[in-house]
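Biologist: I would like to learn how to read a fold of this kind step by step, beginning with the strands and ending with the backbone. Could we go through it together?

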Amino acid sequence: MPSLQELIQLHQEEINNLNAADAAELENYRIRFLGAKGIVKNLSAEMKNVPADQRKEAGQILNAFKNLAEEKYEVFKNLLQKEADKGPSIDMSLPGTPLPIGTRHPLRMVENQIVSIFEKIGFSVATGPEIEDDWHNFTSLNMPEHHPARDMQDTFYVSQNPDWVLRTHTSSVQARILETQPLPVRVICPGRVYRNETISARAHCFFHQCEGLYVDKNVSFADLKQTLYYFVTEMFGPDTKVRFRPSYFPFTEPSAEMDISCTVCGGSGCNLCKHSGWVEILGCGMVHPNMLRNFGIDPEVYTGFAFGMGVERITQVKFQVNDLRLYSQNDVRFLRQFQGL
Ligand code: DAH
């Protein structure tokens with residue numbers, strides 16, 4: 001059995017190594033060493049077993065041990081108290097580290113707006129593939145091979161298959177809808193399109209369109225005009241004027257292009273409208289009977305209208321963006337200007 005001196009030495013080491021990090025650890029220490037059933041009390045009780053001739057010396061050692069245990073307790077108590085007096089070590093009043101969040105792309109914002117305007121009047125969203133075959137991009141849209149209208153759009157061909165193109169317009173989705181959906185149909189088709197153009201402020205090799213198609217019994221040009229008036233009012237405000245100019249598209253007859261009064265100068269003339277007071281925003285018309293026939297639809301029973309607009313164009317008119325390249329450069333100084341809109 002270890003002598004009292006040996007026991008004391010063991011515990012002394014424990015005390016010397018004490019590192020009470022918080023009040024709970026210090027309290028454990030107090031109970032273990034200084035408590036009513038603690039080590040100091042137990043060792044004192046051992047004194048009676050110490051031979052009488054060693055008792056004096058043992059008493060001194062025990063006393064020194066007791067003092068050490070109590071001192072250590074006081075030292076840590078004061079230390080912890082000082083820490084507590086300093087208050088929390090984090091300054092809660094400091095501003096946090098900012099976490100910058102992205103902004104919605106202006107083209108996506110405008111596309112979302114176009115789509116929701118048409119959804120309010122019963123159109124639903126339809127999409128199609130960006131790699132299209134000749135039938136859906138051209139032939140079924142009343143543009144057979146060698147048709148001169150194919151030259152209106154410079155096409156990217158996919159080298160693996162001469163029948164495949166990067167779609168030149170979202171009108172290809174019209175074809176896919178008429179091919180698969182039961183009538184009546186009323187769809188709005190947003191998507192990316194591609195043309196073999198040299199990139200400049202006014203042209204790009206990819207851009208975005210939104211196509212509309214409504215086919216039912218008794219659909220008339222008046223329905224088309226009314227639908228587009230509604231769109232312009234929602235998109236550009238009730239004071240915007242609208243005009244239709246006769247035009248040509250192979251998949252519509254009659255065809256028109258629609259202009260709105262310039263939203264920047266209100267019609268008096270500026271750079272955006274090239275001093276004409278009007279900006280063209282879309283092409284439209286009544287679905288060509290040949291196109292309906294291509295999908296087994298009898299043009300004597302069903303009629304329809306279609307329109308197609310460039311999302312970049314609408315965005316340019318809305319936000320006066322003067323260079324198409326800005327949309328795809330991902331310069332945050334440009335993109336941040338649309339934050340919160
Ligand atoms: N597809 C035409 C283009 O890319 C736009 C267009 C014109 C779409 C008239 C239509 C339409 O649906 O009826 O230039």
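Biologist: In which sense do strand β4 and strand β5 pair, and over how many bridges?

Modeller: Keep in mind throughout that this is a predicted model. Strand β4, residues 185-194, and strand β5, residues 206-216, pair in the antiparallel sense, and 10 bridges hold that pairing. Two individual positions help you to find the register: Val193 has Phe207 of β5 as its bridge partner, and Pro190 stands opposite Cys210 in β5.

Biologist: What is the order of the strands in the sheet that contains this pair, and is the sheet open or closed?

Modeller: The sheet is open and has seven strands, in the order β1-β4-β5-β9-β8-β7-β6, with mixed pairing. Its edge strands are β1, at 124-125, and β6, at 242-249, each of which pairs on one side only.

Biologist: Which helices pack on the sheet, and which strands do they touch?

Modeller: Helix α5, residues 106-119, packs on the sheet and touches β1, β4, β5 and β9, and its direction makes about 165° with that of β4. Helix α8, residues 221-236, also packs on the sheet, where β6, β7, β8 and β9 are the strands touched, and here the direction of the helix makes about 150° with that of β8. Strand β9 thus appears in both lists of contacts.

Biologist: How many bridges join β9 to β5 and to β8, and in which sense do the strands run?

Modeller: Between β5 and β9 there are eight bridges, and the two strands run antiparallel. Val215 has Gly304 of β9 as its bridge partner, while Leu213 is partnered by Ala306 in β9. Five bridges join β8 to β9, again with the strands running antiparallel, and in that pairing Cys284 has Phe307 of β9 as its partner.

Biologist: How should I think about the side chains along such strands, and how many residues of β5 and of β9 are buried?

Modeller: The general idea is that side chains in a regular strand alternate between the two faces of the sheet. A residue is called buried when its relative accessible area is under 20%. In β5, 10 of the 11 residues are buried, so this strand is largely enclosed by the rest of the structure. Strand β9 is mostly covered as well, with six of its eight residues buried.

Biologist: Which residues of helix α7 are buried, and what covers them?

Modeller: Helix α7, residues 171-180, is mostly covered, since seven of its 10 residues are buried. These are Ser171, Ser172, Val173, Gln174, Ala175, Ile177 and Leu178. Their cover includes β2 (131-133), α6 (134-137), β4, β5, α9 (289-294) and β9.

Biologist: Which residues are closest to the ligand?

Modeller: The ligand is surrounded by 16 residues, and the closest are Ser171, Gln174, Arg195, Gln209 and Glu211. Ser171 and Gln174 are among the buried residues of α7 that I listed a moment ago.

Biologist: How do I read the polar contacts of the ligand, and what distances separate its atoms from His169, Arg195 and Glu211?

Modeller: For a polar contact, look for a pair of N or O atoms within 3.5 Å. A nitrogen atom of the ligand is 3.0 Å from an N or O atom in the side chain of His169. On the side of the ligand's oxygen atoms, one lies 2.8 Å from an N or O atom in the side chain of Arg195, and an oxygen atom is 2.5 Å from a polar side-chain atom of Glu211. Taken alone the ligand exposes 360 Å², of which the protein buries 91%.

Biologist: Turning to the backbone, which peptide bonds are cis, and where are their prolines found?

Modeller: The bond from Leu183 to Pro184 is cis, with omega near 0°, and Pro184 is found in the loop between α7 and β4. The bond from Glu253 to Pro254 is also cis, with omega near -5°, but Pro254 is found in strand β7.

Biologist: Where are Lys274 and Asn330 placed, and are they buried or exposed?

Modeller: Lys274, in the loop between β7 and β8, has a positive phi of about 50° although it is not a glycine, and this lysine is exposed, with a relative accessible area of 68%. Asn330 has a phi near 55°, likewise a positive value in a residue other than glycine. Asn330 is placed in the loop between α11 (326-329) and α12 (332-335), and at 53% relative accessibility this residue counts as exposed.

Conventions:
Residues are numbered from 1 along each chain as its sequence is written. This is a predicted model: local features need pLDDT of at least 70, side-chain atom pairs count only at pLDDT 80 or more; totals for chains, interfaces and linings use all residues. Side-chain values use heavy atoms; hydrogens and water are left out. Two strands pair if DSSP finds at least two bridges between them. Helices (H or I, at least four residues) and strands (E, at least two) are DSSP runs, numbered from the N terminus. Contact means heavy atoms within 4.5 Å. Axes are lines fitted to C-alpha atoms, for helices over the stretch in contact, and angles run from 0 to 180 degrees between N-to-C directions. Buried means under 20% relative accessible area, exposed over 50%, partly exposed in between (1.4 Å probe, protein chains only). A residue is near a molecule or strand if one of its heavy atoms lies within 4 Å of it. A polar contact is a pair of N or O atoms within 3.5 Å; within protein, one must be able to donate a hydrogen and the other to accept it, and residues adjacent in sequence count only if both atoms are side-chain atoms. Accessible areas come from the Shrake-Rupley method with a 1.4 Å probe; for residues, only the protein chains shown count as cover.
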